[in-house]
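Hi,

Here is the structure I said I would pass on. Have a look at it first, and my notes on what turned up follow below.

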Amino acid sequence: MTIHDVSDPSSPEQVSHLNWCPPFPGGTHTALPLPDRSLVVVADEATTVNCANGVPRIWLMDVRAPANPVPISTFPVPSEADFCRKGGKFGPHNLHENRPASFQSSDLIFATFLNAGLRVYDIRNAYQPAEVGHYVPPAPQRLVDTRPNAPRVVQSGDLFVDREGLIYLTDPNAGMHILEFKGT
């Protein structure tokens, strides 16, 4: 993860850089700044099948001192099933990014967890994020994935939450699921 000063867009400057891989698995995929709380949520993408390199995490970083970002917690890892043995990739992929004209929150974080579907986390206590909801879509009826021996499992990848609470959840094989978020 890097923090840059872009006050002069023609000459951005790196303020800090933090790399926790290794020893932790994954590759940083999405960073979600929460400037009103001086926090950044960072999702490390699962890059191997069947947890071959371990299970990546979603990190919560304190960035009050931008030159020295500090990890203060990780989000709970889904545990209601043995997702490492389910097949495909298990771990974070993407975060809803609080884009303009979308659902906006610095307390609720929506994340995809590949074969473990959609996860919703409450981070009001930044030191103890809690899962407050989830949805795991059914296995796709057919595969678009043409790799040999690809498992027929959900791989929830991207998501968007609109202002009304509709969640658009995509999967390369299963297409799109549209869910409604009614709050915690």
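**Salt bridges and a cavity**

There are seven salt bridges in this structure. Please keep in mind that you are looking at a predicted model. As a reminder of the general idea, side chains with opposite charges can pair when their charged atoms come close.

Let me start with the one I'd click on first. Arg119 and Glu131 join their side chains in a salt bridge, at 3.2 Å from N to O. Arg119 sits in strand β8 (residues 118-122) and Glu131 in strand β9 (residues 130-135), so this pair ties together parts that are 12 residues apart in sequence. What about their surroundings? Arg119 is buried, and its relative accessible area is 0%. Glu131, on the other hand, is partly exposed at 30%. These two also belong to a wider group: a network of salt bridges links Glu80, Arg119 and Glu131.

Next, try Asp122 and Arg124. Their side chains form a salt bridge too, with 2.4 Å between N and O. Is each partner buried or exposed? Asp122 has a relative accessible area of 11%, and because anything under 20% is called buried, Asp122 counts as buried. Arg124 comes out as exposed, with a value of 57%.

Then there is Arg85 with Asp82, whose side chains meet in a salt bridge at 3.5 Å, N to O. Arg85 is exposed, with 74% relative accessibility. Asp82 is partly exposed, and its relative accessible area is 45%.

Now for the empty space. How many cavities of 30 Å³ or more does a search of the whole structure find? The answer is one. The largest cavity holds about 30 Å³ of space.

If you want to find that spot on your screen, select the residues that line the largest cavity:

- Pro25 and Gly26 are among them.
- Ala46, Thr47 and Thr48 are also part of the lining.
- Asn53, Gly54 and Pro56 belong to the lining as well.

Sorted by class, the lining of this cavity has three nonpolar residues and five polar ones. Charged residues are absent from the lining.

If you only have a few minutes, I'd look at the network of Glu80, Arg119 and Glu131, and then at the lining of the largest cavity, with Pro25 and Thr48 among its residues.

Cheers

Note on methods
Residues numbered from 1 in each chain as written. Predicted model: local features only at pLDDT ≥ 70, side-chain atom pairs only at ≥ 80, totals over all residues. Heavy atoms only, no water. 1 Å grid on protein atoms, 1.4 Å probe; cavity = no way out; pocket = protein on both sides within 12 Å on 5 of 7 lines; lining within 4 Å. Points joined across faces, edges and corners; volume = space filled by probe spheres on them. Nonpolar A, V, L, I, M, F, W, Y, C, P; charged D, E, K, R; others polar. Salt bridge = Lys/Arg side-chain N within 4 Å of Asp/Glu carboxyl O. Buried < 20%, exposed > 50% of the residue type's maximum accessible area, 1.4 Å probe, protein only. Helix = DSSP H or I, 4+ residues; strand = E, 2+ residues; numbered from the N terminus.
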